Protein chains: 2
Amino acid sequence: MTRPERPTIRDVARVAGVSKGAVSFVLNGRPGVAEGTRQRILDAAHSLGWTPSHQGRALSVSRAFAVGLVLARPPELLGADPFFPAFIAGVERTLSERGQALVLQVVPDAAAEEDGYRQLAGAGRVDGVFLLDLRVGDPRIALLEELRMPAVTIARPDVPSDFPALLVDDRPGITAAVRHLVELGHRRIAHVAGPSRFLHGSVRRRAWEQALTDAGLPAGPVVEADFTAAGGAQATRALLAGGRAGRPTAIVYANDLMAIAGLSVALEHGIAVPAQLSVTGFDNTELAGYVSPPLTSVRTDPYGWGRSAAEALLALIAGETVGDIAVPPAQLVVRASTAAPPPPTV
Amino acid sequence: MTRPERPTIRDVARVAGVSKGAVSFVLNGRPGVAEGTRQRILDAAHSLGWTPSHQGRALSVSRAFAVGLVLARPPELLGADPFFPAFIAGVERTLSERGQALVLQVVPDAAAEEDGYRQLAGAGRVDGVFLLDLRVGDPRIALLEELRMPAVTIARPDVPSDFPALLVDDRPGITAAVRHLVELGHRRIAHVAGPSRFLHGSVRRRAWEQALTDAGLPAGPVVEADFTAAGGAQATRALLAGGRAGRPTAIVYANDLMAIAGLSVALEHGIAVPAQLSVTGFDNTELAGYVSPPLTSVRTDPYGWGRSAAEALLALIAGETVGDIAVPPAQLVVRASTAAPPPPTV
DNA sequence: GTTCGCGTTCAAACCGGTTTAGTAACCGCC
DNA sequence: GGCGGTTACTAAACCGGTTTGAACGCGAAC
């Protein structure tokens with residue numbers, strides 16, 4: 001029975017006939033080690049199959065080599081919204097290239113979320129965090145500043161923040177959607193919004209209002225929903241409840257999930273899309289192109305955002321000065337769920 | 001300017017007037033500390049706002065207090081498939097209760113995946129891992145055994161494995177779907193499968209075959225796809241290409257995403273669902289109930305699986321003997337996408 | 001009054017790395 | 001031959017916890 005113990009830096013030093021310090025120097029590519037010795041150490045390390053212990057290193061340099069992400073969303077929505085996995089995949093792509101890990105926490109509500117950040121910081125488990133799903137007047141900004149925890153926010157907060165922000169801007173996408181509908185001839189354009197306590201929820205709503213105003217149109221009806229299919233369906237029912245007269249001819253949804261649910265509610269009411277009702281989504285989910293009719297949507301790039309956010313966070317942790325990060329604007333993808341409105345009833 | 005340094009166990013010991021050892025004992029709830037001293041130590045810790053350093057603890061007990069998950073899926077599919085986020089949420093729920101973290105890695109392909117596990121193990125970054133998306137003859141089982149890394153597999157592998165397995169079984173769900181269709185009168189039941197290199201892909205396919213055989217029906221046409229909407233659409237087109245005569249009257253899809261894409265392909269071909277074609281999905285995604293027609297699907301419980309898998313893994317890491325874990329069988333949720341087949345053409 | 005046993009506490013070693021201060025050897029040079 | 005400077009390397013301290021072995025104080029037993 002051989003000992004399955006992992007070799008340590010001591011073993012490598014012994015085999016190579018040098019001190020621990022020398023091994024450490026070689027490992028970190030520091031100068032001051034003769035080439036011959038360097039090779040001997042590398043050979044020893046290789047023959048022992050040595051990989052430096054993460055814990056040992058983390059302790060001595062007091063870094064965690066990990067960044068954190070705390071998500072406060074009910075698990076069922078987490079599953080339905082394709083944003084998170086794509087964002088996480090992007091983050092991971094950058095992190096794994098640099099030997100960093102992502103420490104994830106999923107909590108049920110906002111209170112637990114602050115606790116989550118507090119724990120991660122208190123235990124020194126992460127070197128920095130991402131701030132997602134910004135809320136209006138988000139208290140987490142102050143919390144993280146108090147904890148002196150480096151952070152990158154996804155979108156610029158509406159409260160003063162010294163943290164670099166990934167400048168995602170939902171407004172051009174919504175504006176483009178409304179403009180597209182206006183150009184098709186729509187004049188009664190409704191909105192199914194996300195929760196107004198979230199920044200993205202309220203930003204998209206205000207962009208919709210502004211775009212209508214800019215087009216010289218009165219603000220149409222708006223229903224606040226919760227980004228879920230169930231919520232989208234219910235909101236759509238509320239909008240389509242009135243008689244044909246006052247009913248909107250187009251609905252701008254704050255995400256694809258609600259829009260897709262809206263499509264089937266329309267069908268259920270005997271309202272043809274896009275002949276009698278135009279519909280736009282947001283996110284450009286994979287499924288958007290494969291429902292009927294294929295959904296006009298706003299394409300965003302959560303994967304790319306994840307990559308950029310991670311790069312910025314690592315730079316910030318490394319002590320560099322990091323400013324806000326620009327990202328390409330979202331673009332409207334026109335498919336078959338939008339068309340000219342029906343002729344006005346006489 | 002006050003020092004923002006985090007207090008250490010030494011500071012707590014000094015304030016409480018005891019040794020580091022005493023503080024450690026109190027922290028870990030060990031006996032052998034007088035009640036008065038215990039209180040003094042707790043007070044000191046509290047007044048300093050001390051939280052033990054994760055790195056320090058991890059090093060001295062040589063545990064990582066973290067478990068790993070390596071995902072080898074292209075990012076775009078990760079976003080579309082609601083399985084992962086739900087599973088991860090379940091895992092997290094259990095982990096965060098016990099102060100453990102989840103270290104996630106998303107890699108592009110299978111080779112990088114093995115590398116990922118090797119790195120996590122080599123650096124001692126995790127105490128155990130989950131094995132997801134089992135492949136036929138999965139080489140990772142042997143790898144993890146070689147690395148002596150505790151693991152829990154999601155589903156029982158088709159190769160010998162000493163690791164506890166979460167006994168998810170897709171067969172009853174598929175069987176129920178086929179039986180449901182047979183009872184409705186269908187006799188030509190096709191299948192859109194997942195990649196056959198995955199265990200869940202081939203298990204579902206075989207279950208479909210077996211169910212047809214059991215019903216005394218010949219195996220219908222099968223098309224192997226890749227679990228994406230695009231793949232599902234393409235597969236559906238292939239199945240519906242033939243004339244009305246040989247065309248299947250029902251399609252059993254290996255997941256909801258492909259089934260939903262299939263719905264719109266049918267519509268595009270002028271084939272009414274469920275009047276002329278019945279469709280079943282798998283996963284019972286939130287969206288399944290909100291497409292038209294609402295999709296008959298098989299409900300699974302990835303959130304619950306995550307919880308159970310995490311509990312088993314932690315127990316295994318703690319040195320307990322852990323056997324396979326039973327989970328409630330998947331259940332068919334009948335909605336409006338299935339109905340009796342059209343009367344045979346004369 | 002010593003001895004024993006017990007509960008309480010401390011000092012020191014240890015986990016596996018990094019980092020700093022210091023030393024030995026070697027070089028060229030005056 | 002002694003000096004200053006460079007290079008290559010070592011020994012030891014340190015990061016922040018846990019754990020062990022010994023010491024101490026005290027009451028009961030002999």
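This passage describes how two protein chains and two DNA strands are arranged in a predicted model. Local features are drawn from residues with pLDDT of at least 70 and side-chain atom pairs from pLDDT 80 or more, while totals for chains, interfaces and linings use all residues. Residues are numbered from 1 along each chain as its sequence is written, and chains are lettered from A in the order in which they are written.

Chain A is a good place to start. This chain contains 13 helices and 12 strands, taken as DSSP runs (H or I, at least four residues, for helices; E, at least two, for strands) and numbered from the N terminus. Its C-alpha atoms occupy a box of roughly 95 × 40 × 35 Å along the principal axes. Of its 346 residues, 52% are buried, meaning that 20 or more other C-beta atoms, placed from the backbone, lie within 10 Å of the residue's own.

The two protein chains are related by symmetry. Chain B superposes on chain A through a rotation of 180° with 0.0 Å of shift along the axis, at an RMSD of 0.1 Å; the fit is by least squares on the C-alpha atoms of residues with pLDDT of at least 70 in both copies. The copies are thus related as by a two-fold rotation axis. In chain B, B:V103 has the C-alpha nearest this axis, at 2.7 Å.

Turning to the interface, each chain contributes 53 residues to the contact, where contact requires C-beta atoms, placed from the backbone, within 7 Å. On the side of chain B, two or more residues come from each of α4, α5 (75-80), α6 (83-97), β2 (101-107), α11 (229-240) and α12 (256-268). Helix α6(B) gives the largest share, 9 residues. This side divides into 30 nonpolar, 15 polar and 8 charged residues; Ala, Val, Leu, Ile, Met, Phe, Trp, Tyr, Cys and Pro count as nonpolar, Asp, Glu, Lys and Arg as charged, and the others, Gly among them, as polar. Strand β2 of chain A also pairs with β2(B), antiparallel over 3 bridges (pairing needs at least two DSSP bridges), and A:L102 has B:L104 as its bridge partner.

Both protein chains also meet the DNA. Around DNA strand C lie 27 residues, the closest being A:I9, A:G21, A:S24, A:G56 and B:G21; a residue is near a strand if its C-beta atom, placed from the backbone, lies within 6 Å of it. Helices α2 (20-27) and α4 (54-61) of both chains each supply at least two residues of this surface. For DNA strand D, the nearest of 27 residues are A:G21, B:I9, B:G21, B:S24 and B:G56.

How values were computed. Buried ≥ 20, exposed ≤ 12 C-beta atoms within 10 Å, placed from the backbone. Contact = placed C-beta atoms within 7 Å.
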